[in-house]
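Let's go through this model and ask how each label is earned. Have the structure open as you read.

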Amino acid sequence: MAEILDGKAVSDFFKQEIAKEVLAITAAGNRAPHLVAILVGNDGGSKTYVEAKKKACKLVGFEGTVLYFPDTISQDELLAKVNEINDDPNIDGLIVQLPLPKHINENAVTQTIVPEKDVDGFHDINMGKLAKGDNSGYTSATPLGITMLLKYYGIETAGKHAVVIGRSNIVGRPMSILLSNSSETGNATVTLTHSRTQNLKDITLQADIIVAAIGQPNFVSADMVKPGAIVIDVGITRLDDSSKKAGWRLAGDVDFAAVEKIAGKITPVPGGVGPMTVIGLLYNTLQARKRQL
Ligand code: NAD
């Protein structure tokens, strides 16, 4: 049976580490880091994510603010709000929860956040720095959190074959770059696969490390995994489940029950990558504050 990579426990460890750094900042007479999240509309999932981020801020001693706007807000109004926050010296990090309503161009919004406050790492400058292995920017929180998890467990990536499934700009592509960069949690030989990849199973069977970021429950089956491989499941999909109080449950992209019997190490859903994403965000916000001091 695979060892469970316990994102929840590891995130608790990192929260304590971050809280210590916040104490040192405030003990020196400086204000605590301040993260602002913008939520447009009423999507239940997005609200849950944003509230979890705010709660995590509080736990580590950050100031966390959520600004709610109706989905009737115009793009210009939203951009004006972003610019106001860009100019506010008391705010270190800004995230705009995606997806946004259809009449708002997500790229226009993410590119308006100044790179220095773009703690989600979506700005072209931060993506460019990531691609060049320049650590002065911000890396998308989910891939960053995954590398922190790998590091915590002492998982060697150098020289390993890592197969990333999914090429989104927020997970798959930055993950593939981080794993291939010349760094402590990089130096892997990376194959980035996607919806047009042929013979995916032949490729994943060669993987020492699989990162699944597709958004299709149980997509990665046991026959796609080499014995002993490390399996990181990024997927989060809500599935109807009348046996649950909420009427739904979360499912990952990996058939956990079957793959757990073959893999060497595996992340569960929930309790794997999700909590580490929050840590990635907190880490970036702490960096943003420290870079101002
Ligand atoms: P996305 O929809 O932007 O990208 C999905 C990717 O999967 C695409 O690049 C596509 O090419 C690839 N894909 C689709 N079908 C495929 C197939 N048959 N074979 C190979 N590749 C295929 O999604 P995303 O934003 O990257 O998110 C992926 C999943 O991760 C979602 O379930 C999302 O909810 C979840 N997610 C979780 C966290 C977290 O904190 N755990 C953070 C972000 C996203």
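Q: What makes helix 10 stand out in the shell around the ligand?
A: Helix 10 (residues 273–292) gives the most to that shell, with 3 residues. A helix here is a DSSP run of H or I, at least four residues long, and a strand is a run of E with at least two, both numbered from the N terminus.

This is a predicted model: local features need pLDDT of at least 70, side-chain atom pairs count only at pLDDT 80 or more, and totals for chains, interfaces and linings use all residues. Residues are numbered from 1 along each chain as its sequence is written, and side-chain values use heavy atoms, leaving out hydrogens and water.

Q: How do you know that Arg 167 makes a polar contact with the ligand?
A: A polar contact is a pair of N or O atoms within 3.5 Å. A backbone N or O atom of Arg 167 lies 2.8 Å from a ligand oxygen, so the pair counts. A polar backbone atom of Ser 195 is 3.1 Å from an oxygen of the ligand, and for Val 234 a backbone N or O atom lies 3.3 Å from a ligand nitrogen, so these pairs count too.

Q: Why are strand 1 and strand 6 called edge strands?
A: Two strands pair if DSSP finds at least two bridges between them. The open, parallel sheet has 6 strands in the order 1-11-8-7-5-6. Strand 1 (3–4) and strand 6 (189–193) each have a single partner strand, so one side of each lacks a neighbour in the sheet.

Q: What makes strand 5 and strand 7 a pair?
A: There are 4 bridges between strand 5 (residues 161–165) and strand 7 (residues 209–212), and at least two are needed, so they pair.

Notes: Polar contact = N/O pair within 3.5 Å; in protein donor to acceptor, adjacent residues only side chain to side chain.
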